[in-house]
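Me: I'd like to learn how to read a protein structure, one feature at a time. Can we go through one together?

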Amino acid sequence: MNSIDRLRVVSIVGARPNFMKVAPLVTAFQAHVRDVKHLLVHTGQHYDKRMSESFFSDLGMPKPDINLGIGSGSHAEQTGRVMMAIEPVLEAHRPDVMIVVGDVNSTIACALTAKKMGIRVVHVEAGLRSFDRTMPEELNRLCTDSISDLLFTTDHIANENLLREGVDESKIHFVGNVMIDSLMRHQPAANDTKFAESLGLKSKSYASLTLHRPANVDDRENLVEILDALVDGLHGMPVVFPAHPRTRRQITEFGLADRFTSKLAEGGIWMTEPLGYLEFLDVNSRARLVLTDSGGLQEETTILGVPCITIRENTERPITVTQGTNRLAGTSRQGILKAISEVFASDGQVSARPEKWDGQAATRIVDLLCRGA
Ligand code: UD1
């Protein structure tokens, strides 16, 4: 290709879990500047410094070329605003391909807009299914996959899900996991921060916790049941809890601030601001166990070899349970206590690295795009 017929690609980031998935793609495109003209667009779905900007510096990612600045709102407001804001950008730049990652509202909003404008839509992390259509992310995944022209998957289970839904096999490529590309690239720098040590934490003597799913944090009774089970099950073990802004707001509103400790070293759950990518990776890689309702952490802990307890009834990432370190605890007190005691009863965690979770997923994707897939 010469510089005139370079492939024009727009990649979309919107919310926190998108940044570490797109960063390795940006790096891989930089090695193909003669073939590809790449534009990075941030929808602004996440906008707090700690939810967005800090990730660009931690991941060594250039600032977005365009920020749509759409911010928060109901699902319909947020999705609609992204669609209205991305359309003129696509009109102006007329890309050949749009890349969307994951399952957030920005993903489906941009995919749908681009597809209706005749732009090829590429979905990275396609085919994951929790089979729970009450989850907004499941609807975003189903809708995005059904209109995507190319679907890049992280494992064979995702391929099977897509084939079962009638997606043409020629569109599906099993390439591995871009989130793990980022983890492998940045783990040495993360450990160099010595962030866990700076909090006074000794390796394998503490837990880390994230909670932000609406089903877990928007209902007082559910949140109390989870927090009480954690306090009782962890027997005073120090727990680092970087709270999502919405989770913090709910905790304050529900009057639950007394469940938390102000001195991490003395044990109990220590709530703090969202951490940077490198800081949190250091915390998780040295933890005795990780408790979470996030998707990405289930994958990251599998590669770190750290036991993970998922506080949800289902997972769209079952390979982390069958091959990795993940245990699906459910959200009841009984399920959470059982999972914690199982982790404490086991000495080490045996986990296998899922196939192609090897740091090369972004290279595979960009190679396929440059070869005209
Ligand atoms: C979104 C994704 C979810 C992902 C999560 C990671 C969807 C449907 N959900 O959920 O899949 O796991 O990101 O964090 O896209 N807020 C801030 N500052 C911010 C961003 C959000 O204060 O920078 C607050 C706002 O009050 C906002 C609320 O958090 O209304 C929820 O944000 P939103 O982007 O709607 O969804 P998340 O819960 O973050």
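Me: How many disulfides does the structure hold?

Reply: A disulfide is a pair of cysteine sulfur atoms within 2.5 Å. The structure holds 0 disulfides. Take Cys-110, which is in no disulfide: the nearest cysteine sulfur belongs to Cys-143 and is 14 Å away. Before we go on, two reading notes. This is a predicted model, where local features need pLDDT of at least 70 and side-chain atom pairs count only at pLDDT 80 or more, while totals for chains, interfaces and linings use all residues. Residues are numbered from 1 along each chain as its sequence is written, and side-chain values use heavy atoms, with hydrogens and water left out.

Me: Is Cys-110 buried or exposed?

Reply: Buried means under 20% relative accessible area, exposed means over 50%, and partly exposed is in between (1.4 Å probe, protein chains only). Cys-110 has a relative accessible area of 0%, so it counts as buried. Cys-308 is buried too, with a relative accessible area of 0%.

Me: What does a partly exposed residue look like here?

Reply: Try Gly-236, which is partly exposed, with a relative accessible area of 46%. Gly-236 sits in the loop between helix H10 (220-234) and strand E9. Helices (H or I, at least four residues) and strands (E, at least two) are DSSP runs, numbered from the N terminus. You can also compare positions: Gly-236 and Arg-220 are 16 residues apart along the chain, and their C-alpha atoms are separated by 23 Å.

Me: How many residues of E9 are buried?

Reply: In a regular strand the side chains alternate between the two faces of the sheet. Strand E9 (residues 238-242) is mostly covered, with 5 of its 5 residues buried. Pro-238, Val-240 and Pro-242 point one way, Val-239 and Phe-241 point the other way, and all are buried.

Me: Which strands pair with E9?

Reply: Strands of a sheet pair through backbone hydrogen bonds, either parallel or antiparallel. Two strands count as paired if DSSP finds at least two bridges between them. E9 runs parallel to strand E8 (residues 207-210), joined by 2 bridges. E9 also pairs in the parallel sense with strand E10 (residues 268-272), over 5 bridges. Look at Val-239 to see both: Ala-207 stands opposite Val-239, and the bridge partner of Val-239 in E10 is Ile-269.

Me: What order do the strands have in the open sheet?

Reply: The open sheet of 7 strands has the order E3-E2-E1-E4-E5-E6-E7, with parallel pairing. Strand E3 (66-67) and strand E7 (172-174) stand at the edges with a single partner strand each, so one side of each is left without a neighbour in the sheet. Inside that order, strand E5 (residues 120-124) and strand E6 (residues 150-153) run parallel and are joined by 3 bridges. His-123 has Leu-151 as its bridge partner in E6.

Me: Why is helix H13 called largely enclosed?

Reply: Count its buried residues: 9 of the 9 residues of H13 are buried, so the helix is largely enclosed by the rest of the structure. Thr-301 lies in H13 (residues 296-304) and is buried at 0% relative accessibility. The side chain of Thr-301 reaches the backbone oxygen of Gln-298 at 3.2 Å. That is a polar contact (a pair of N or O atoms within 3.5 Å; within protein, one must be able to donate a hydrogen and the other to accept it, and residues adjacent in sequence count only if both atoms are side-chain atoms). After H13 comes Gly-305, whose phi is positive, near 70 degrees.

Me: How many residues of helix H16 are buried?

Reply: In H16 (residues 361-370), 7 of the 10 residues are buried, so this helix is largely enclosed by the rest of the structure as well. Among them are Ala-361, Ile-365 and Cys-370. H16 is followed by Gly-372, whose phi is positive, near 85 degrees.

Me: Which residues come nearest to the ligand?

Reply: A residue is near a molecule if one of its heavy atoms lies within 4 Å of it. There are 21 residues around the ligand, and His-46, Asn-105, Glu-137, His-244 and Arg-246 come nearest. By class, this shell has 6 nonpolar, 9 polar and 6 charged residues. (Ala, Val, Leu, Ile, Met, Phe, Trp, Tyr, Cys and Pro count as nonpolar, Asp, Glu, Lys and Arg as charged, and the others, Gly among them, as polar.) For one polar contact, an N or O atom in the side chain of Arg-246 is 2.6 Å from an oxygen atom of the ligand.
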